[in-house]
Amino acid sequence: MYNRKINICFMGSPKFALKTLDVLYNNENINVDLVVSGKDKKRNRNKFRPTLVKQYALDKGVDVLTPDSVNTDEFLKELTDRKIDFIVVVAFGQLIGEKLLDKFENKIINLHPSSLPKYRGASPIQYTLLNGEKITHATAMLIEKGMDSGDILNQKEYEIKEEDDFISLSEKMSDLGSKAILEAVLNYEEKFAKRIKQDDTKATFTKKIDKKMGKIDWNENKQDIVNKVRAFVEFPKAYFNYKGENIKILKAKAIAKEDSKPSFVYEANKNDLIDIGCKDGAIKVEIIQFPGKKAMDVKSFLLGNDFEKGIYID
């Protein structure tokens with residue numbers, strides 16, 4: 001396809017995007033000519049720090065831009081002057097407008113961590129876990145005007161493990177996604193010829209996660225509660241109210257319990273850990289976090305702290 005290195009503009013900001021950038025940068029057939037990322041943000045001690053993607057690019061000596069918008073004539077000229085072949089987008093955060101879509105028609109490739117057309121939108125990994133899916137995919141897809149509705153170039157399947165949570169599944173999707181993107185770029189003509197049009201009638205959509213979604217409803221099924229813990233382990237964290245404080249659960253498992261009583265604390269000791277009833281059984285809390293404290297395993301917590309059993313919690 002090319003008698004030279006493939007010229008890439010990479011757009012991304014968070015940790016999730018780093019693996020794909022690294023894989024593209026280190027491939028001998030690819031030249032990452034430009035990285036586009038988010039603005040520096042105030043972090044610890046009010047110091048401005050670059051995004052992880054920008055810092056990677058700076059360390060490698062790759063040109064970086066942090067425009068307010070990529071949908072300007074000035075930015076389009078920048079890409080044209082650099083003779084960019086493909087734009088690769090991973091967790092970038094800006095919508096790609098009509099000018100870029102027209103200029104780079106079918107040449108803007110996005111990584112989406114779900115089994116498209118399932119779970120389009122802002123929170124595909126969380127919803128994959130919330131709904132207890134057993135299989136997911138890292139999808140390399142073409143960007144078009146619709147929300148994650150472009151044709152699929154490449155997909156990598158992953159069988160979700162019971163112990164997977166948002167953190168571990170994000171890492172797996174980042175790793176598999178980098179492979180899906182690399183294959184799509186290096187074998188573009190073949191992948192494009194065999195591209196799969198999404199069936200919009202099968203599409204499902206996710207929404208942005210907010211804090212209130214983390215509140216546990218003890219009248220739900222035990223597996224649904226465990227799935228909420230898994231999905232929200234990073235943000236906002238699943239939580240319940242205990243004696244006026246919001247207590248966060250970072251790891252739990254579903255257990256059987258005859259004549260289950262929702263929100264009832266069955267056990268609270270270092271041997272049995274903390275068992276709380278729900279609609280169809282109970283959950284055993286394994287990692288817990290109290291306000292202002294670090295997360296810790298329940299056994300260690302109960303060695304030095306009390307947690308009342310035989311009560312109902314909110």
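Hi everyone, let's start with one residue: Leu-100 is buried, with a relative accessible area of just 1%. Before I go on, please keep in mind that this is a predicted model.

So where does Leu-100 sit? Its place is in helix α4, which covers residues 98-103. Setting aside residues up to four places away in sequence, Leu-100 touches Met-11, Val-70, Asn-71, Phe-75, Leu-76, Leu-79, Ile-87 and Ile-108. Take Met-11 from that list: Leu-100 and Met-11 are 89 residues apart in sequence, yet from C-alpha to C-alpha they are 13 Å apart in space.

Now let's step back to the whole chain. It has 314 residues, and 50% of them count as buried. There are 9 helices and 17 strands. Along its principal axes, the C-alpha trace spans about 70 × 50 × 30 Å. If we take contacts between residues at least 6 apart in sequence, 67% of them join residues at least 24 apart. On the outside, the chain exposes about 16400 Å², and carbon and sulfur atoms supply 46% of that. As for charges, there are 54 positive and 49 negative ones, and their mean positions are 4 Å apart.

Let's go inside. Here is some background for anyone new to this: in soluble globular proteins, nonpolar side chains tend to be buried together. In our model, which residues of the largest nonpolar core touch the most other members? They are Ile-8, Phe-10, Leu-24, Ile-109 and Val-185, out of 48 residues in that core. Helix α6, residues 166-186, gives the most to this core, with 9 residues. Apart from this core lies another, of 27 residues, and among them are Ala-238, Ile-283, Val-285 and Phe-290.

Let me stay with Ile-8 for a moment. Beyond residues up to four places away in sequence, Ile-8 touches Leu-24, Ile-30, Asn-31, Val-32, Asp-33, Leu-34, Ile-84, Phe-86, Val-88 and Val-185.

Another one to look at is Thr-20, in helix α1, residues 15-25. Is Thr-20 buried or exposed? Thr-20 is buried, because its relative accessible area is 0%. Leaving aside neighbours within four places in sequence, Thr-20 is in contact with Phe-10, Val-88, Val-90, Leu-111, Ser-174, Gly-177, Ser-178 and Ile-181.

Next, a whole helix. In α8, residues 222-231, 8 of the 10 residues are buried, so this helix is largely enclosed by the rest of the structure. The buried ones are Lys-222, Ile-225, Val-226, Asn-227, Lys-228, Val-229, Arg-230 and Ala-231. What covers them? The cover includes helices α5 and α6, along with strands β12, β13, β15 and β16.

Last, the aromatic rings. How many aromatic pairs does the structure hold? There are 9. In one of them, the rings of Phe-264 and Tyr-266 have their centres 5.0 Å apart and their planes at 80°, so that pair is edge-to-face. Phe-264 counts as buried at 13% relative accessibility, and Tyr-266 counts as buried at 14%. There is also an aromatic cluster, formed by Trp-218, Phe-240, Tyr-242 and Phe-307.

That's my tour. Thanks for listening!

Notes:
Residues are numbered from 1 along each chain as its sequence is written. Side-chain values use heavy atoms; hydrogens and water are left out. Helices (H or I, at least four residues) and strands (E, at least two) are DSSP runs, numbered from the N terminus. Buried means under 20% relative accessible area, exposed over 50%, partly exposed in between (1.4 Å probe, protein chains only). Contact means heavy atoms within 4.5 Å. Accessible areas come from the Shrake-Rupley method with a 1.4 Å probe; for residues, only the protein chains shown count as cover. Lys and Arg count as positive and Asp and Glu as negative; His and the chain ends are not counted. The place of a charge is taken as NZ of Lys, CZ of Arg, CG of Asp or CD of Glu. A nonpolar core is a set of buried Ala, Val, Leu, Ile, Met, Phe, Trp, Tyr and Cys residues joined through side-chain atoms within 4.5 Å. Rings of Phe, Tyr and Trp (its six-membered ring) pair if their centres lie within 6.5 Å; planes under 30 degrees apart count as stacked, over 60 as edge-to-face and the rest as tilted.
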